[in-house]
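I opened the notebook to go through this chain element by element. The entries below follow the order in which I looked things up.

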Amino acid sequence: MPEPETRVLILGSAPDAVAARNWPKAPFTHIVAINNAWRVRPDWDILIHPEDFPPANLPPEHARGQQIVTAADYVPAQNSFGGFVFAGGTMAFTAGYWALAALQPSVIAYFGCDMVYPVSGKTHFYGTGAPDPLRADVTLRSLEAKSARLALFAARQSCRMVRLSQGESRLVVPSVPRSGLDRAALPDAAQMSGALAAEHALGYVVPSGRYWESEQTFDPAAIDAVDRLWLEAYARATSAPSADSSAATDARTSDAASARTGP
């Protein structure tokens with residue numbers, strides 16, 4: 001069976017996101033803008049945002065065919081991949097799981113979503129925002145592990161997950177040029193089994209998606225152990241050295257933000 005030809009660009013709000021402003025839409029079939037990233041270019045296809053996204057920040061109008069995705073859409077999608085506790089409660093990952101469920105793509109390419117923030121100056125293309133993925137949150141103790149998990153779920157659907165940025169990133173997926181989307185190696189999704197079994201044994205599932213209402217029932221050490229399994233699985237699946245888990249990086253940002261799923 002031939003691979004699907006849907007190629008998704010997931011666009012975030014990092015300062016370098018504006019570089020995508022003048023890119024031709026090809027080779028992408030869909031542009032998924034997270035939160036304020038719809039401002040980068042007018043031809044976005046999907047805008048995805050969390051429940052606490054200010055209505056004033058929504059586009060005043062949108063063209064025929066453009067779709068706005070909310071919690072009513074992405075919570076069931078993310079639950080189908082094991083839920084927010086193990087997947088990570090920030091919109092970069094939520095957008096990826098929604099795309100896997102709704103669009104069945106062959107490629108998911110991230111840009112403006114490296115989740116690396118400067119100590120001073122602009123944190124987002126529109127100015128200074130809250131570094132949401134770095135807040136103290138039991139689901140975000142290792143952004144590297146969460147990205148590895150998403151990449152392996154993508155691989156299970158014959159979907160390559162890549163990033164279009166160069167340099168530092170909390171995403172463990174390969175950096176590729178826009179001309180090389182389909183040439184990235186497809187990880188061996190069979191390596192997922194141990195990490196999935198560990199998740200199932202813990203049973204940290206919150207169907208509403210509002211995992212913070214039950215956060216006191218989750219054992220951070222157990223989640224850290226599962227995160228390590230995902231990093232190890234991704235390393236085996238790609239024959240690459242295992243990435244470091246950066247729980248300590250996130251722990252030192254306890255005052256970073258209050259939003260549950262952000263830019």
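Which residue in E2 is the bridge partner of Ile10? I looked it up and found Val32. I note that this is a predicted model, in which local features need pLDDT of at least 70 and side-chain atom pairs count only at pLDDT 80 or more, while totals for chains, interfaces and linings use all residues. Residues are numbered from 1 along each chain as its sequence is written, and side-chain values use heavy atoms, with hydrogens and water left out.

**Sheet.** I traced strand E1 (residues 7-11) against strand E2 (residues 30-34) and found them paired in the parallel sense over 4 bridges; strands and helices here are DSSP runs numbered from the N terminus, with at least two residues for a strand (E) and at least four for a helix (H or I). Two strands pair if DSSP finds at least two bridges between them. I then followed the open sheet of 6 strands, whose order is E4-E3-E2-E1-E5-E6 with parallel pairing. Its edge strands are E4 (67-69) and E6 (160-163), each of which pairs on one side only.

**Loops.** In the loop between E1 and E2 I located Pro27, which a cis peptide bond joins to Ala26, with omega at about 15°. I also checked two residues other than glycine with positive phi: Gln104, near 50°, and Met115, near 60°. Gln104 sits in the loop between H3 and strand E5 (107-111) and is partly exposed at 43% relative accessible area, whereas Met115, in the loop between E5 and H4, counts as buried at 6%. For these words I used under 20% relative accessible area for buried, over 50% for exposed and in between for partly exposed (1.4 Å probe, protein chains only).

**Helix H6.** I recorded 19 residues for H6 (residues 220-238), which reaches 27 Å from its first C-alpha to its last, close to the 27 Å expected at 1.5 Å a residue; the expected span is 1.5 Å times one less than the number of residues. Its buried residues include Asp224, Asp227, Trp230 and Tyr234, and helix H4 (143-156) and helix H5 (193-202) are among the elements that cover the buried residues of H6. At the N-terminal end I found Asp219 as the cap, with a side-chain oxygen 3.0 Å from the backbone nitrogen of Ala221. After H6 I came to Ser239, whose phi is positive, near 55°.

Terms used:
Contact = heavy atoms within 4.5 Å. Polar contact = N/O pair within 3.5 Å; in protein donor to acceptor, adjacent residues only side chain to side chain.
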